[in-house]
Amino acid sequence: MIRKEYLLTPGPTPIPSEVSLVQAEPIIHHRTPAYTELFVRLVEDLKKVLLTENEVLTFAASGTGAMEGAVANCFSPGDRVLVAAGGKFGLRFAEIAKAYGLEVELYEYPWDEAADPEVIARYLREKRDIKGVFLTHSETSTGVVNDVRAVGEVVSETPAILVVDSISGAGALELRTDAWKVDVLVTGSQKALMTPPGLAAAAVSPKAWEYVEKAESPSYYFSFKKALKKYRSDSPETPFTPAVSLVKAMSAAVRLLLEEGLEEAWERHRVLALCTRAAVQALGLELFPKVLERAYAVTAVKAPQGIKGGDIVRHMNRMHGVIIAGGQDRLKGKIFRIGHVGYYHFFDMVVAVTALELTLRSLGYPAELGSGVAAMERLYWELTEGKEAPG
């Protein structure tokens, strides 16, 4: 039998054909006018996606590289920072900060809830030497999305800077970097930006640049100063050899996103999330997050009693070619995650839910075949009024 695979993880995500094909073009040298034109276009388009006038720096790395860059370039050993962590990637910020000798105040909230801006405000009132607040926009490991705007208002009233990981948020969820007073916004290529893994970006505000000028932590490859100096040169480029083909790919992908329209892309992700939720609930399954507001990048679902999340993931892949993700860290075996962040359409989610229904039946769960698909079809019709619409 012919086997097709369907990628429905929270990252890496599917790549549009236009983006894949541009990588097959002949390589160009990175110290030429042709590359400079390409690179500048990418940076300026990224500013439009992130809704920022701040400097945007790029690095050949996964999103974690930009996370490390934010820590290394903005702070000095011994600086006190507050990390809001409600999942694996929030904790990653704390790990990076500790590796650079920062004093970490860890505000760890339940993994199925969102960070409370009032708690962050209290930390900032009680410990006035906090120099930075780290927040995850879209916590990919749990499906929860934090209220960046509310936290930005809180932090902006203090000398501290706000550093936000929007690796699985940018391009999929409403994100207004400047209006929400985000000082350092980091993102990566392999999720809603519809590009293979390997490119990271950081948007850095004037307030954050004041921190960069004073910071004493070591940085070399991820140096914000070096990156900005090279970008502001007569021939804008990166300090070190860039991932040329990935720059080509992301430039094409970001153009597609801008052609769709940011608000249209945000709405497409909202529709896909709501339809996927309706499907899993119709199957009698329980969503993992308690806070579903804004949570439109990933659908995280509790594994039914007696069945491990990993078994669902493996069966869907082995038997149906549908690749989803399991739980991470303390959620391993307890949940499974269906991604709809990036290059997805409603019918991609129909494939995912169909495979889920068949898998649950095979693993002994009394799933009524077709019930999930029917629920998502009904909701899709209601949300789009029966017209071709987002998703």
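1. Contact here means heavy atoms within 4.5 Å, and it is in this sense that helix α11 (residues 309-320) lies across β13 and β14, running at about 40° to β14. The model is a predicted one, and the points below should be read with that in mind.

2. The sheet beneath this helix deserves a description of its own. Three strands form an open sheet in the order β11-β14-β13, and their pairing is antiparallel. Strands β11 (298-302) and β13 (325-326) are the edge strands, each of them pairing on one side only. Between β13 and strand β14 (residues 335-339), which run antiparallel, there are two bridges, and Gly326 is found opposite Phe336 in β14.

3. The loop between β13 and β14 holds Asp329, a residue that has a positive phi of about 55° although it is not a glycine. Because its relative accessible area is 48%, Asp329 counts as partly exposed. A second case is Lys181, in the loop between β8 (161-165) and β9 (184-188), where phi is again positive, at about 60°, in a residue that is not a glycine. Lys181 is partly exposed, with a relative accessible area of 34%. Such backbone values merit a remark, since most residues other than glycine have a negative phi, and most peptide bonds are trans.

4. On the matter of peptide bonds, the one from Gly11 to Pro12 is cis, with omega near -5°. Pro12 belongs to the loop between β1 (6-7) and α1 (17-22).

5. Which residues make the contact between α7 and α8? Helix α7 (residues 206-214) and helix α8 (residues 224-231) pack at an angle of about 115°, and their axes are 10 Å apart. From α7 come Trp209, Val212 and Glu213, while α8 supplies Phe224, Lys225 and Leu228. Sorted by class, this contact of α7 with α8 comprises four nonpolar residues, two charged residues and no polar ones.

6. Aromatic pairs, of which a search of the whole structure finds 15, provide a further link in this region. The rings of Tyr221 and Phe240 have their centres 5.4 Å apart and their planes at 20°; planes under 30 degrees apart count as stacked, and therefore this pair is stacked. Tyr221 sits in the loop between α7 and α8, and Phe240 in the loop between α8 and α9 (244-260), so the pair ties together parts that are 19 residues apart in sequence. Tyr221 is partly exposed at 32% relative accessibility, and Phe240 is partly exposed as well, with a relative accessible area of 24%. Ring pairs join Phe59, Trp209, Tyr220, Tyr221, Phe222, Phe224 and Phe240 into a cluster; Trp209 and Phe224 from this cluster also take part in the contact of α7 with α8.

7. Helix α5 (residues 117-126) has Pro117, Val119, Ile120, Ala121 and Leu124 buried. The elements that cover these buried residues of α5 include β3 (80-85), β4 (103-108), β5 (130-136) and α6 (148-156). At the start of α5, the backbone nitrogen of Glu118 has a side-chain oxygen of Asp116 within 2.9 Å.

8. Is Thr142, in the loop between β6 (138-139) and β7 (144-145), buried or exposed? Thr142 is buried, because its relative accessibility is 0% and the cut-off for a buried residue is under 20%. With neighbours within four places in sequence left aside, the residues in contact with Thr142 are Gly86, Gly87, Trp111, Phe288, Pro289, Ala300 and Leu331. Its side chain also reaches the backbone nitrogen of Val144, at 3.2 Å. By contrast with these contacts, the C-alpha atoms of Thr142 and Ala121 are separated by 24 Å, the two residues being 21 residues apart along the chain.

9. The last residue to consider is Thr276, which has its place in helix α10 (residues 262-282). Thr276 is buried, with a relative accessible area of 0%. If residues up to four places away in sequence are not counted, Thr276 touches Thr299, Ile338, His340 and Met349.

Notes. Residues are numbered from 1 along each chain as its sequence is written. This is a predicted model: local features need pLDDT of at least 70, side-chain atom pairs count only at pLDDT 80 or more; totals for chains, interfaces and linings use all residues. Side-chain values use heavy atoms; hydrogens and water are left out. Axes are lines fitted to C-alpha atoms, for helices over the stretch in contact, and angles run from 0 to 180 degrees between N-to-C directions. Helices (H or I, at least four residues) and strands (E, at least two) are DSSP runs, numbered from the N terminus. Ala, Val, Leu, Ile, Met, Phe, Trp, Tyr, Cys and Pro count as nonpolar, Asp, Glu, Lys and Arg as charged, and the others, Gly among them, as polar. Buried means under 20% relative accessible area, exposed over 50%, partly exposed in between (1.4 Å probe, protein chains only). A polar contact is a pair of N or O atoms within 3.5 Å; within protein, one must be able to donate a hydrogen and the other to accept it, and residues adjacent in sequence count only if both atoms are side-chain atoms. Two strands pair if DSSP finds at least two bridges between them. Rings of Phe, Tyr and Trp (its six-membered ring) pair if their centres lie within 6.5 Å; planes under 30 degrees apart count as stacked, over 60 as edge-to-face and the rest as tilted.
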